[in-house]
Amino acid sequence: MALCYLLKRSPSKAKTDVDEIMRGVGFRNVGLSQPPHIGKFRDFFTTLFGVVKAGFSLKRGDVLVLQYNLRKYYGFMCRTAHRRGAKVVTLIHDLGSFYRSKLSHEDEIARIGQSDYLIVHNDRMKQWLTDHGCRVPMGTLEIFDYLSSTEPAPVSEPRKPYGVIYAGTLSKKKNGFLYDLEDHINNYRFILYGGGFDPEAIRRRECFEYHGFVSSDKLVESPGGEFGLVWDGSSIHACEGPRGEYTRYNNPHKFSLYLRCGIPVIIWKQAAMAKFIDDHGVGICVESLTELDRVLGEITPGQYASMQRAARRIGEKLGRGFYFKRALREALVALGAQKEINW
């Protein structure tokens, strides 16, 4: 039996981290190595030839791990693996039917139903898939790991007002809530990392510290704030729109980034990851961002220190791939394919 995965070049850090974790425990890439920045034309043919090579490389008893959303070749790889007597484990990164109008829930569930085992984000996503007709055996990831070449700086005394960082797309079109926060910021500092911010749309510019794009390794080493915010959409009162609705079921990779930085996380109370915060004590959940000023003002240094210690414990696990290794081990056991692996 061989443990295999198909590498498809992707700018997604979540996917490249998973590739690295699999190599570290003894999986091998059955496709072709794909160097970055090779251009769309060469990328297309490298991916195509890699998929063909993977099909011929699989043998009876092998286990192939696919990372979904692998749009073009996912069904082909599942069918090829089964014809050659191999099993397929699929790690769900994204369910596009939540925000892509051309893809229905039914079509997507039928597509991933070609796998022998699914690793989904969390129990809420597992329940949603079950309720919508998915009958494939499933296990949960709980949270995405986050590999980094740097480590968080030593703990220092938190300073009030606390700093809340937000890393990501900062445009009004994508995250309009950022531009409605200024009237609700008094007891904390708001620190922005990313592109697309329009300072001209802000009246109280003193409420924001804008640092532009910063690499994730540099952010892990020095986040510059005491909390990380996970929020999506146009409203400060709830995560709205297709992406906002999706937070009820998914594990945002940004959530993992903040914990890898060693700082607690702030998230919408209705989000799937609110349970993780409650279970592990790694942050706070709010119904609306209008609550944030009061809540942060009431958090004592002792309470913050407790959350920070918990965040650092989880962050250390994320840095060594603990959660994906655990989910992958459970998948292999479920398929009767367990073997000695360098976990």
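Me: In which loop is Pro161 found?
Reply: This is a predicted model. The peptide bond from Lys160 to Pro161 is cis, with omega near 0°. Pro161 is found in the loop between E6 and E7.

Me: Which residue other than glycine has a positive phi near 85°?
Reply: Look in the loop between E6 and E7, where Glu142 is found. At 23% relative accessibility, this residue counts as partly exposed. The residue with that phi is Glu142.

Me: Is Arg84 buried, partly exposed or exposed?
Reply: Start with its place, the loop between H3 and E4. Its relative accessibility is 34%. Buried means under 20% and exposed means over 50%. Arg84 therefore counts as partly exposed.

Me: What distance separates the C-alpha atoms of Arg84 and Phe56?
Reply: Along the chain, Arg84 and Phe56 are 28 residues apart. In space, their C-alpha atoms are separated by 8.6 Å.

Me: Which residue with a positive phi follows H3?
Reply: Helix H3 covers residues 74–83. Its buried residues include Tyr74, Met77 and Ala81. After H3 comes a residue with phi near 85°, and that residue is Gly85.

Me: What is the order of the strands in the open sheet of 6 strands?
Reply: The pairing in this sheet is parallel. Strands E2 (28–29) and E6 (138–140) stand at the edges, each with a single partner strand, so one side of each is left without a neighbour in the sheet. Read across, the order is E2-E1-E3-E4-E5-E6.

Me: How many bridges pair E3 with E4?
Reply: E3 and E4 run in the parallel sense. One pair to look for is Val63, which stands opposite Lys87 in E4. E4 itself is mostly covered, with 5 of its 6 residues buried. The number of bridges between E3 and E4 is 6.

Me: Which residue in E5 does Leu91 stand opposite?
Reply: E4 and E5 run parallel and are joined by 3 bridges. Across from Leu91, in E5, stands Ile119.

Me: In E6, which residue is the bridge partner of Val120?
Reply: Move on to the pairing of E5 with E6. These two strands run parallel, joined by 3 bridges. The partner of Val120 is Thr140.

Me: Why do the buried residues of H4 line one face of the helix?
Reply: In H4 (residues 105–112), the buried residues are Glu108, Ile109 and Ile112. Seen down the helix axis, these buried residues fall within an arc, so they line one face. The face turned away carries the exposed residues Glu106 and Ala110. The arc that holds the buried residues is 100°.

Me: Which elements do the buried residues of H4 pack against?
Reply: Look for contacts from the buried side of H4. Three strands and two helices are found there. They are strand E3, helix H3, strand E4, strand E5 and helix H5.

Me: Which residues of E10 are buried on its two sides?
Reply: Strand E10 covers residues 227–230, and both of its faces are covered. In a regular strand the side chains alternate between the two faces of the sheet. In E10, one side has Phe227 and Leu229, and the other has Gly228 and Val230.

Me: Which residue in E11 does Leu229 stand opposite?
Reply: Take E7 (residues 162–167) before E11. E7 and E10 run parallel, joined by 2 bridges, and Val164 has Phe227 as its bridge partner in E10. E10 also pairs with E11 (residues 265–268), in the parallel sense over 3 bridges. Opposite Leu229 in E11 stands Ile266.

Me: What is the volume of the largest cavity?
Reply: The structure holds 1 cavity of 30 Å³ or more. Its lining includes Ala14, Leu91, Phe144 and Phe324. The volume of the largest cavity is about 40 Å³.

Me: Which helix gives the most to the lining of the largest cavity?
Reply: By class, the lining has 6 nonpolar, no polar and 2 charged residues. Asp17 and Asp145 are among the lining residues. The helix that gives the most covers residues 13–24 and supplies 3 residues: H1.

Methods: Residues numbered from 1 in each chain as written. Predicted model: local features only at pLDDT ≥ 70, side-chain atom pairs only at ≥ 80, totals over all residues. Heavy atoms only, no water. Buried < 20%, exposed > 50% of the residue type's maximum accessible area, 1.4 Å probe, protein only. Helix = DSSP H or I, 4+ residues; strand = E, 2+ residues; numbered from the N terminus. Arc of directions from axis to C-beta. Contact = heavy atoms within 4.5 Å. Pairing = 2+ DSSP bridges. 1 Å grid on protein atoms, 1.4 Å probe; cavity = no way out; pocket = protein on both sides within 12 Å on 5 of 7 lines; lining within 4 Å. Points joined across faces, edges and corners; volume = space filled by probe spheres on them. Nonpolar A, V, L, I, M, F, W, Y, C, P; charged D, E, K, R; others polar.
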